[in-house]
Amino acid sequence: MIKISPSVLTADFLTLTEDIRKLEAAGVDMLHLDVMDGEFVPNISFGNPIIKSIKAHTKLPLDVHLMIDRPHRYIDEFAKYADYLSFHFEAGSDNEATLKRIRELGVKSAIVIKPCTEPEEIFNLLPLCDMVLVMSVEPGFGGQKFMPDALRKLSALRDECKRQNLDILLEVDGGINAETAPLAVNAGANVLVAGNYLFSADDMAARVKEIKSI
Ligand code: DX5
Ligand code: ZN
């Protein structure tokens, strides 16, 4: 079963609860929250106070995607509200220790790879992950075009999880729409992040259903 994790990055934050209600009614599985520090990526989004408020307004699991330098410094803080906590392989932390710490705090652990990182580089970390996130755009902005190279990486990760006998969620993030979603699912993704495709629509629920029916 495919899970949908809408990214609220391009939402209007002052009316976000209305959108969250619509997404809940449409049957989404979690909410994807993009944290950007202006260092690891050339953009600044929001931090934990916003995530805390969102947590108080929904029962949907929160899928927090940290795009910040040396994320180990903030894991304990974000683990207070996150259900899934992901950070970048490239961000300068001790990745093994950071994944272990996330689990220790009772949160699902996830590592993210940018378009420049090969899947083989994280094969040894897979036993410490509950989810792996493959970026299909350069992290930093919503509304970009899907990079098809992500498909090869998803397949390689799916095969490696099978080989290691691991039951890990495979998430893909960036440029997901009605055309790219089936490609990602065929390649092995089972969690689809969708931002612009949902939030630019007049009828978000219809688009959720469209993707869910893949
Ligand atoms: C990009 C973010 C994504 C983004 C996805 O750095 O990690 O989650 O919001 O947005 P779309 O679906 O518009 O590409
Ligand atoms: Zn994201």
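**Accessibility, salt bridges and a zinc site**

Reader: Why is Arg103 called partly exposed?

Author: The relative accessible area of Arg103 is 33%. Buried means under 20%, exposed over 50%, and partly exposed in between (1.4 Å probe, protein chains only), so Arg103 at 33% counts as partly exposed. This is a predicted model, in which local features need pLDDT of at least 70 and side-chain atom pairs pLDDT 80 or more, while totals for chains, interfaces and linings use all residues. Residues are numbered from 1 along each chain as written, chains are lettered from A and ligands numbered from 1 in the order written, and side-chain values use heavy atoms, without hydrogens and water.

Reader: What makes Arg103 and Asp130 a salt bridge?

Author: Their side chains meet at 3.1 Å, N to O. The term requires a side-chain nitrogen of Lys or Arg within 4 Å of a carboxyl oxygen of Asp or Glu, so the pair qualifies. Arg103 lies in helix H4 (residues 95-104) and Asp130 in the loop between strands E5 (108-113) and E6 (131-135), so the bridge ties together parts 27 residues apart in sequence. Helices (H or I, at least four residues) and strands (E, at least two) are DSSP runs numbered from the N terminus. Separately, salt bridges that share partners join Asp76, Arg101 and Glu104 into one network.

Reader: How many salt bridges are there in the structure?

Author: The structure holds 12. Among them is Asp29 with Lys212, at 3.0 Å, N to O. Asp29 sits in the loop between helix H1 (16-26) and strand E2 (31-36), and Lys212 in helix H8 (residues 204-212), so this pair links parts 183 residues apart in sequence. Asp29 has 23% relative accessibility and is therefore partly exposed.

Reader: How do you know that Glu77 and Lys80 form a salt bridge, and which class of exposure does each have?

Author: The closest N and O atoms of Glu77 and Lys80 are 3.1 Å apart. Glu77, at 35% relative accessibility, counts as partly exposed, whereas Lys80, at 52%, counts as exposed.

Reader: What makes His32, Asp34, His65 and Asp173 donors of the zinc ion (ligand 2)?

Author: Their atoms NE2, OD, ND1 and OD, respectively, lie 2.1 to 2.3 Å from the zinc ion. Donors are N, O and S atoms within 2.8 Å of the metal (3.2 Å for Na, K and Ca); water is not among the atoms, so sites may look incomplete. His32 lies in strand E2 and His65 in strand E3 (residues 62-67), so the pair ties together parts 33 residues apart in sequence. His32 is buried at 0% relative accessible area, and His65 is buried at 0%.

Reader: Why is the arrangement around the zinc ion (ligand 2) called octahedral?

Author: Six donors count as octahedral if opposite donors are over 155 degrees apart and all others between 65 and 115. The six donor atoms here subtend angles of 71 to 171 degrees, which makes the arrangement octahedral.

Key: Tetrahedral: all angles 85-135°; square planar, octahedral: opposite > 155°, others 65-115°.
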